[in-house]
Amino acid sequence: MKKWGKIFALVAAVLLVLSVAAFAQPKHWVVGFSQIGSEREWRTADTISVQNAFLEDPTFTLIYSDAQQRQENQIKAIRSFIARRVNAILFTALVETGYGPVLQEAKRAGIPVVMIDRDVAKEDRGLRLTIMGSDFIKEGEKAGEWLADYLKKKGLDDGKKAINIVELQGTTGSAPAIERKTGFANVLKSHANWKITRSQTGNFTSSEGKQVMEAFLKADKNIDVLYAHNDQMALGAIQAIKEAGLKPGKDIIIVGVDAVKGAFEAMVAGEMNASIECSPLLGPQAVLAMRDLRDGKKLPARIYTIEGIFDETNAAEALPTRQY
Ligand code: AHR
């Protein structure tokens, strides 16, 4: 009897340890990540940041899907995540509109969708839980405010003489293209002599940025400022400006967004004037949000990234520390 008592106590102790361990161990979660594709190093840095952050936490498995810049591939990917009954979906929307039905399907299946970097259109925001990433309107405003300060500092703006600005827009219909335009236009309102003389999409790529800038210069060389919705397009445009016999950063003031290494090199070389930071290093934030979600915590309606502005005053010092 004594012997059985001891065995019983031992088994009970083992069971207790196992159940405590199981209780302490967070539930394993499978997260589907629909990425838009890869324009260049910004997007690659973003993808790697997310993949590495999830790899570091063995309580998650990330299923990655690269849409190769096609909305229909994203819709298919989200449907396959739903069919696999993932625990949550991380989603970067290529463009804002057109995802309503698939987001409805995720909602019906009870799978939370967290946006990362690019959001969906206002009317579909009720179908996703939150958005983490940059404030694109603020970025456009920062670009405009930086320009106003710079022109003032250099004595280039008397408030009367026209300041001719050309704009290279990002992918048509994407949140960063729409909102960076809006943000810049907000600042433009208080400068009556600033004029956007031409504005066209360069699709966030350097090759298209170069082509469009070539066309702008062909039509009219009287350009004071280039505002590019990302640095890649600005870097392509710099080539076009040089080929047109002008000095980028001097004859034409150039402001980009992202703060990629190439922009820092151009700023240090005096060929670009400023870049508004938009950080792609969103992986750690994404993992934190997923952990909170798994723990039953309520996520904030918006999770912002803190970012800076770089120009000739601080680019050289920051360049060695840049991760993308
Ligand atoms: O959505 C963020 C934007 O997308 C980055 O500014 C750009 O470089 C990328 O293509």
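This report walks through the overall build, surface and nonpolar cores of the chain above.

The model is predicted, so local features need pLDDT of at least 70 and side-chain atom pairs count only at pLDDT 80 or more, while totals for chains, interfaces and linings use all residues. Residues are numbered from 1 along each chain as its sequence is written, and side-chain values use heavy atoms, leaving out hydrogens and water.

Let's start with the overall build. The chain holds 11 helices and 12 strands, taken as DSSP runs numbered from the N terminus (helices H or I, at least four residues; strands E, at least two). Here are some whole-chain values.

| Property of the chain | Value |
|---|---|
| C-alpha span along principal axes | about 100 × 45 × 35 Å |
| Buried share of the 324 residues (under 20% relative accessible area, 1.4 Å probe, protein chains only) | 51% |
| Exposed area (Shrake-Rupley method, 1.4 Å probe) | about 15,500 Å² |
| Part of that area from carbon and sulfur atoms | 57% |

Contacts (heavy atoms within 4.5 Å) often bridge long stretches of sequence: of those between residues at least 6 apart, 74% join residues at least 24 apart.

Now for the interior. A nonpolar core is a set of buried Ala, Val, Leu, Ile, Met, Phe, Trp, Tyr and Cys residues joined through side-chain atoms within 4.5 Å. The largest has 53 residues, and Leu147, Ile165, Trp194 and Met213 touch the most other members. Helix H5 (residues 136–153) gives the most to this core, with 7 residues. Leaving aside residues up to four places away in sequence, Leu147 touches Ile165, Phe184, Trp194, Val225 and Ile253. A second, separate core of 24 residues includes Ile75, Ile82, Leu103 and Leu127.

Definitions and conventions: Buried < 20%, exposed > 50% of the residue type's maximum accessible area, 1.4 Å probe, protein only.
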